[in-house]
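Me: Please show me the structure, after which I shall ask about its parts in turn.

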Amino acid sequence: MPYDVKRGNLAVEKFSTLLFEQADGVAAITLNRPDVLNSFNSAMRRDLLSAFQAVARDEGARAVVLSAAGRGFCAGQDLREDIGSVIGETLRQEYNPLIRAMRELPKPVVGAINGVAAGAGCSLALACDVRVASEQASFLQAFVRIGLVPDSGSSFFLPQLIGMARAAEMVFLAEPVPAARALELGLVNRVVPPDQLLPAAHELASRLAQLPTRAIGQAKRQLNLALSAGLEAVLEEEASGQAMAAQTYDHQEGMKAFLEKREPKFLGR
Ligand code: T3D
């Protein structure tokens, strides 16, 4: 494992398919196979999972920006890679752990969607907590175009985000949804000019990185649970989560700052 938690940085050359930088509490992961619109090969699946696992271990990383090099965000599975006969296992062993790692990461992930997000690349974008999109971005449930079905979480995220009827239309017709329409549908949180994409995503991630990280992580857990469990389970998770949050330094700091009428300085502890 190339990651050195003590040094708090990740050597860029250790990932053949990603760039990784970290500054001021924000880990920046950039998909870096621009010639094939950052489509997923086996190495990129492994690298991305390792990068999210490393962020999970590093207390210094308090938010993530997931972006991509070139004109595309991610065109899904690399269709030149031959995995046809093991497709179910590839999903179980490589794509699904990646999507789980993103959803279970107790830190916010900001997707910076620069261009087309297709197939499993669309799923990857949907697995982020919030999405900032360039005006040039688009979302394409490409699966049916090649006789496949949605995977890597798209069947789960899409109806939650935009409702069943709109999800069905996106999946069945497999037409690209441009950024402006994605904003109307609630697929993305905001749309910005292309040159503003990374500044806007990093500005948002920096704000998130200065918030009480453990409370944010627990809040993410509760929101995740709300998508799959009933009210009783969520009420109980809220109660135990609140008991945990109340023990943190950041809670004490937030209380003190309020009473002293000053801005809090959260440390993520
Ligand atoms: O084995 C499995 O399938 C298991 C897992 C499945 C999960 C999935 O993700 S299934 C869905 C796979 N993805 C797709 O079907 C999307 C395929 N790509 C496209 O339909 C189009 O490229 C786009 C609509 C995304 C973008 O179109 P456009 O016109 O902007 O770009 P382009 O010219 O098609 O692509 C640019 C280059 O990227 C091109 O290479 P070239 O000709 O310049 O050498 C193209 O071949 C390459 N590229 C784009 N997508 C992929 C890809 N190469 C490999 N795999 C890709 N998915």
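Me: Which residue has a polar backbone atom 2.8 Å from a nitrogen atom of the ligand?

Reply: This is a predicted model, in which local features need pLDDT of at least 70, side-chain atom pairs count only at pLDDT 80 or more, and totals for chains, interfaces and linings use all residues. Residues are numbered from 1 along each chain as its sequence is written, and side-chain values use heavy atoms, with hydrogens and water left out. Backbone polar atoms of A75 and L79 each lie 2.9 Å from a ligand nitrogen atom. At 2.8 Å, the residue is Q77.

Me: How much of the ligand's area does the protein bury?

Reply: Accessible areas come from the Shrake-Rupley method with a 1.4 Å probe. Taken alone, the ligand exposes 1,000 Å². Of that area, the protein buries 67%.

Me: Into which domains is the protein chain divided, and how far apart are their centres?

Reply: The bounds, from an automatic or database domain assignment, give domain 1 as 12-209 and domain 2 as 213-259. Twelve residues of domain 1 are in contact (heavy atoms within 4.5 Å) with seven residues of domain 2. Taken over C-alpha atoms, the centres of domain 1 and domain 2 are separated by 26 Å.

Key: A polar contact is a pair of N or O atoms within 3.5 Å; within protein, one must be able to donate a hydrogen and the other to accept it, and residues adjacent in sequence count only if both atoms are side-chain atoms.
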